Amino acid sequence: MDREMFHSCCSLVKIPRSSRQQQPGSSPHFVDYMERAAAYSRFLRNFLLPNQPCMFSSRFTQDWSCRRNWVTEEGKPNFQKLLQEFEDTPVPVANCSAKEYNANPKQIMPFREFIQYWREYIQNGHSSPRGCLYLKDWHMQRMFPEHNTYKTPIYFSSDWLNEYWDTIEVDDYRFVQIPPSDEVCSLILLCCFQVIMKSCTGIDYAEFASFLKTIANNRISFLSSCPGGGGGVSGVLTETLSALGPHHAAFDLQRISHILESMLTNEDFKRLETSALTFKPEELLQEIRDAVHTIV
């Protein structure tokens, strides 16, 4: 993100959503097709800001190791290669033919057992007396980081939720999903973005505040070390922030600032015990303003 795009984005967030106009010449009945990668600023201007959908060509994944190694030239699952890499790995498998408490029951089984089921399922005309088993929500990326299975396109690399979990080294929301039918979809690799807020009991303000502080600290550290980038930020995150640029980090910090300011006026947040927070929001706000001032 350059300076011009930074100011464009800052202006956009001040405009009510209902008043934002669709791009001239675009149609709600067609989805644009991206044959090859475009500059981040162009993608931001043409798709992200106007909230327009688009479809990526296969060029975007041609260098992914999962595409090269997990799929044959005929487009079928490469069972042999998959077994070589993950044979005895325990994986979570859901039974989509059964329901328990309005959900599909899960079991842990060796990866080779699921592959054996998968092969039999295909050979039997996509049916099995065991029902429809679905390898679901497998944290393969966390278990095997050295595999470098895929690379997130830069347009979606600003992933706050996984950045938070990576920073505190607790969890992640990158899942491999493998349904048994190769006619439906052989391999689905999903980066699942889930909310940190509790859906039934309301927002966990202490956790949400910690989340915002972590994201803010990473960008403050990055900006403090510019133009070289880095500072106290991890290697992968440094690469991402460097690719997006300091103005993108400053834009993120401004959004965090707005959220914090709103939280400080929220009556539920005001009732939160001071000991529940590991920092003072007012002090973080000042740090954010100081960091943004170095860029804007």
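# Reading the labels on a predicted chain

Mentor: Asn148 sits in the loop between α6 (140-143) and α7. Keep in mind that this is a predicted model.

Trainee: Why is Asn148 called exposed?

Mentor: The cut-off for exposed is over 50% relative accessible area. Asn148 has a relative accessible area of 55%, so Asn148 counts as exposed.

Trainee: What is notable about the phi of Asn148?

Mentor: The phi angle is near 45°, a positive value, and Asn148 is not a glycine. Glu169 is another non-glycine residue with a positive phi, here about 55°.

Trainee: Where is Glu169, and is Glu169 buried or exposed?

Mentor: Glu169 belongs to the loop between α7 and β6 (174-178). With a relative accessible area of 72%, Glu169 is over the 50% cut-off and therefore exposed.

Trainee: Ile168 is in helix α7. What makes Ile168 partly exposed?

Mentor: Buried needs under 20% and exposed needs over 50%. Ile168 has 33% relative accessibility, which lies in between, so the label is partly exposed. In space, the C-alpha atom of Ile168 is 9.8 Å from that of Phe211, a residue 43 positions away along the chain.

Trainee: How do you know that Glu163 and Arg219 form a salt bridge?

Mentor: The rule asks for a side-chain nitrogen of Lys or Arg within 4 Å of a carboxyl oxygen of Asp or Glu. For Glu163 and Arg219 the N to O distance is 2.6 Å, so the pair meets the rule.

Trainee: Which parts of the chain does that pair link?

Mentor: Glu163 is in helix α7 (residues 160-168) and Arg219 in helix α8 (residues 205-224), with their positions 56 residues apart in sequence. Both residues are buried.

Trainee: What makes Arg289 and Glu261 a salt bridge?

Mentor: Their closest approach is 3.4 Å, N to O, and the limit is 4 Å, so the pair counts. Arg289 lies in helix α12 and Glu261 in helix α10 (residues 246-264), so the pair ties together parts 28 residues apart in sequence. Arg289 has a relative accessible area of 40% and is partly exposed. Glu261, at 34%, is also partly exposed.

Trainee: Which residues do salt bridges with shared partners join into one network?

Mentor: They are Arg142, Asp166, Asp171, Asp172 and Arg174.

Trainee: Why do Asp137 and Lys136 count as a salt bridge?

Mentor: Their closest N and O atoms are 3.2 Å apart, which is within 4 Å, so the pair qualifies. Asp137 has a relative accessible area of 21% and is therefore not under the 20% needed for buried; the label is partly exposed. Lys136, at 29%, is partly exposed as well.

Trainee: How many salt bridges are there by this rule?

Mentor: The count comes to 16.

Trainee: What makes Glu282, Glu283, Glu287 and Asp290 a negative surface patch?

Mentor: Asp and Glu count as negative. Patch residues need over 30% relative accessible area and no salt bridge, and like charges are joined within 9 Å. Take Glu287, in helix α12 (residues 281-293). Its relative accessibility is 39%, so Glu287 passes the 30% cut-off, while its label is partly exposed.

Trainee: Which residues form a nonpolar patch on the surface?

Mentor: Val31, Tyr33 and Met55 do, with about 320 Å² of accessible area together. Met55 comes from strand β2 (residues 54-56).

Trainee: Which residues does Arg112 touch, leaving out those up to four places away in sequence?

Mentor: Leu83, Glu87 and Asp88. Arg112 is in helix α5 (residues 111-123). At 40% relative accessibility, Arg112 is neither under 20% nor over 50%, so the label is partly exposed. Arg112 and Val91 are 21 residues apart in sequence, with a C-alpha to C-alpha distance of 9.6 Å.

Trainee: How many helices and strands are in the chain?

Mentor: There are 12 helices and seven strands. Of the 296 residues, 39% count as buried. The chain exposes about 17200 Å², and carbon and sulfur atoms supply 51% of that area. Among contacts with a separation of 6 or more, 63% are between residues 24 or more positions apart.

Technical notes
Residues are numbered from 1 along each chain as its sequence is written. This is a predicted model: local features need pLDDT of at least 70, side-chain atom pairs count only at pLDDT 80 or more; totals for chains, interfaces and linings use all residues. Side-chain values use heavy atoms; hydrogens and water are left out. Helices (H or I, at least four residues) and strands (E, at least two) are DSSP runs, numbered from the N terminus. Buried means under 20% relative accessible area, exposed over 50%, partly exposed in between (1.4 Å probe, protein chains only). Contact means heavy atoms within 4.5 Å. Accessible areas come from the Shrake-Rupley method with a 1.4 Å probe; for residues, only the protein chains shown count as cover. Patches are made of residues with over 30% relative accessible area and no salt bridge: like charges are joined within 9 Å, nonpolar side chains (Val, Leu, Ile, Met, Phe, Trp, Tyr) within 5 Å.
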